[in-house]
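Student: I should like to go through this structure with you and learn on what grounds each description is given.

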Amino acid sequence: MTGSSDTRPVLVVDFGAQYAQLIARRVREARIYSEVIAHDAPLAEFEAKNPAAIVLSGGPASVYADDAPSLDPAVLDLGVPVFGICYGFQSMAKALGGTVANTGGREFGRTPFIPAGGVLHAGLDGEQPVWMSHNDAVQVAPEGFTVTGSTPGAPVASFENTQRRMAGVQYHPEVLHTPHGQQVLTRFLYEIAGLQPTWTAANIAESLIEDVRAQVGENGLAICGLSGGVDSAVAAALVQRAIGDRLTCVFVDHGLLRAGEREQVQQDFVAATGARLVTVDAESVFLGELAGVSDPEAKRKIIGREFIRSFEGAVTEVLGDRAAVGDKVEFLVQGTLYPDVVESGGGSGTANIKSHHNVGGLPDDLEFSLVEPLRLLFKDEVRAVGRELGLPEEIVARQPFPGPGLAIRIVGEVTGERLAILRRADAIAREELTRAGLDGQIWQCPVVLLADVRSVGVQGDGRTYGHPIVLRPVSSEDAMTADWTRVPYEVLETISTRITNEVPDVNRVVLDVTSKPPGTIEWE
């Protein structure tokens with residue numbers, strides 16, 4: 001981690017892969033800490049991170065293309081274990097003196113792989129299914145490397161040199177379509193790289209608490225933006241464990257919450273932690289600033305800015321008598337996660353998919369120093385840390401809800417009338433999914449109002465011209481990838497019937513069956 005922790009990361013070198021973050025996620029599943037780093041990061045950055053091992057990701061380019069992403073060859077001479085995947089496998093082979101060529105054939109999707117001994121594939125006998133995506137193929141392995149597998153289109157589909165602690169595979173072990181992929185990656189980490197599985201919830205929590213103490217110091221005061229979701233709740237619990245009553249939690253009611261959200265936050269979190277909670281009523285301010293705004297990026301930036309202004313306004317109440325002696329609140333705690341950073345363009349070499357209000361949406365004149373203890377964690381790791389800290393399941397298992405709230409679930413301008421429509425539809429969907437016992441199967445179910453879209457309907461023998469409501473139930477491990485959840489038809493029918501009967505101005509309910517990628521979980 002950062003600060004006082006001495007955890008050495010496994011660095012995942014991003015060559016433009018779709019799944020660089022997924023590789024890092026799989027390394028962590030082996031209970032070893034990992035981070036993503038750009039392929040063109042200077043050697044000094046690699047050295048400063050003091051990696052325990054390096055994993056070279058896949059990528060869309062050919063290693064022989066003029067603009068092919070390349071790694072400083074000196075990185076391979078750092079003396080740390082290296083594992084190559086797909087493009088990273090080819091790049092590694094070429095850099096170490098092997099031969100890579102375009103054979104005129106291609107392998108995409110499920111492909112039969114024939115293991116030929118070695119450490120990575122020990123115990124795997126006979127043909128094994130793997131997931132391939134390549135045009136070029138390694139023809140000759142580098143000197144000193146043993147070929148340990150092949151496919152019809154790749155005579156060298158895996159190799160290893162245990163003495164140099166280097167290995168690689170042409171296929172993608174990080175995806176679920178390669179059934180033995182996690183086993184292969186874990187074998188590299190444990191048996192070739194010689195790493196120990198120390199990335200546990202207890203160790204993570206202990207390390208993060210130390211980091212916060214080091215950052216805030218012995219006398220620093222902090223406020224935490226509490227949204228009611230699991231991320232901010234765990235961040236607050238961590239910081240409270242680190243600095244005690246020098247933390248005050250601030251809950252901003254921006255008028256963009258779901259039904260019952262404010263009451264739930266005030267009861268559940270305070271009861272679970274005993275932390276001091278200050279509630280700021282800011283609905284009129286937020287709705288005023290959002291008036292006339294339809295662009296989703298503009299919405300996020302406005303909400304991010306107004307959150308900060310609300311926190312700044314709460315400082316006087318937080319300080320109380322301390323203000324008279326010159327005390328200041330210098331630190332703002334946020335529940336920022338790794339997927340937030342990646343999607344906001346803060347990941348290594350990643351595109352800005354959308355600015356999260358707590359990352360790309362922060363104002364330039366921010367007066368606080370940010371404390372983001374969860375910034376490098378995935379959602380399931382956050383839940384594990386929350387349980388380690390003793391937070392109840394009512395908080396830890398809560399489905400994610402975005403900080404910008406219902407504002408980014410209204411496609412169009414945000415108004416009080418539209419919020420009322422969406423709030424009621426959302427409450428109905430949540431009630432019925434809970435009644436059907438589906439909360440444990442669904443990662444998140446955004447309910448979206450297409451405010452700028454109307455469709456013709458018939459209700460009570462009359463013509464209606466109402467809005468559609470979109471149901472977006474998804475399943476995921478960490479929000480980096482997701483698939484739509486197969487909700488039983490009878491449950492969907494009940495939700496649709498109730499919404500169209502009980503919510504004015506809605507005459508149509510539709511189901512979003514798009515995975516991520518290509519879609520994101522939220523519509524905006």
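Tutor: Let us begin with C86, which has a relative accessibility of 3% and counts as buried. Please keep in mind that the model is predicted.

Student: Why is C86 called buried?

Tutor: The term applies under 20% relative accessible area. C86 stands at 3%, so the residue counts as buried. It lies in the loop between β4 (82–85) and α3 (87–95). Leaving out residues up to four places away in sequence, C86 touches G58, S133, V169, Q170, Y171 and H172.

Student: Which residues does UniProt list under "active site"?

Tutor: The unreviewed UniProt entry places that feature at C86, H172 and E174.

Student: How do you know that these residues gather at one spot?

Tutor: They span 89 residues in sequence, yet no two of their C-alpha atoms are more than 10.9 Å apart, so they gather at one spot.

Student: Where do H172 and E174 lie, and are they buried or exposed?

Tutor: H172 lies in the loop between β9 and α4, and E174 lies in the loop between β9 (166–169) and α4 (181–192). The limit for buried is again under 20%. H172 has 11% relative accessibility and therefore counts as buried; E174, at 2%, likewise counts as buried.

Student: What makes the pair H172 and E174 a polar contact?

Tutor: Such a contact requires N or O atoms within 3.5 Å, one able to donate a hydrogen and the other to accept it. The side chains of H172 and E174 are joined at 2.9 Å, so the distance satisfies that limit.

Student: Which other residues are in contact with H172 and with E174?

Tutor: Apart from neighbours within four places in sequence, H172 is in contact with G58, I85, C86, W131, S133 and T178. On the same basis, E174 is in contact with Y19, L22, I23, R26 and I85.

Student: How do you know that the length of α4 agrees with what is expected of a helix?

Tutor: At 1.5 Å a residue, the 12 residues of α4 should span 16 Å, and its end C-alpha atoms are 16 Å apart, so the two values agree. Among the buried residues of α4 are G181, V184, L185 and F188. The elements that cover its buried residues include β1 (10–14), α1 (20–29), β3 (53–56), β4 and β9. After α4 comes G194, whose phi is positive, near 70°.

Student: Which residues touch the most other members of the largest nonpolar core?

Tutor: Of its 75 residues, they are F83, F188, L189, V234 and L374. Helix α6 (residues 230–243) supplies the largest share of this core, 10 residues.

Student: Why is this core said to lie between the two domains?

Tutor: Domain 1 (8–190) and domain 2 (199–395) both give residues to the core, so it lies between them. A second, separate core has 51 residues, including V252, V414, C445 and V447.

Student: Which positions does UniProt list for "binding site"?

Tutor: The unreviewed UniProt entry lists S227, G228, G229, V230, D231, S232 and A233. Of these, S232 lies in helix α6.

Student: Is S232 buried or exposed, and on what value does the answer rest?

Tutor: S232 has a relative accessible area of 5%. Since buried means under 20%, S232 is buried. Not counting residues up to four places away in sequence, S232 touches C224, G225, L226, S227 and G335.

Conventions:
Residues are numbered from 1 along each chain as its sequence is written. This is a predicted model: local features need pLDDT of at least 70, side-chain atom pairs count only at pLDDT 80 or more; totals for chains, interfaces and linings use all residues. Side-chain values use heavy atoms; hydrogens and water are left out. A nonpolar core is a set of buried Ala, Val, Leu, Ile, Met, Phe, Trp, Tyr and Cys residues joined through side-chain atoms within 4.5 Å. Buried means under 20% relative accessible area, exposed over 50%, partly exposed in between (1.4 Å probe, protein chains only). Helices (H or I, at least four residues) and strands (E, at least two) are DSSP runs, numbered from the N terminus. Domain bounds come from an automatic or database domain assignment. UniProt positions are given in the numbering used here, feature names are shortened, and annotations may be inferred rather than shown by experiment. Contact means heavy atoms within 4.5 Å. The expected span of a helix is 1.5 Å times one less than its number of residues.
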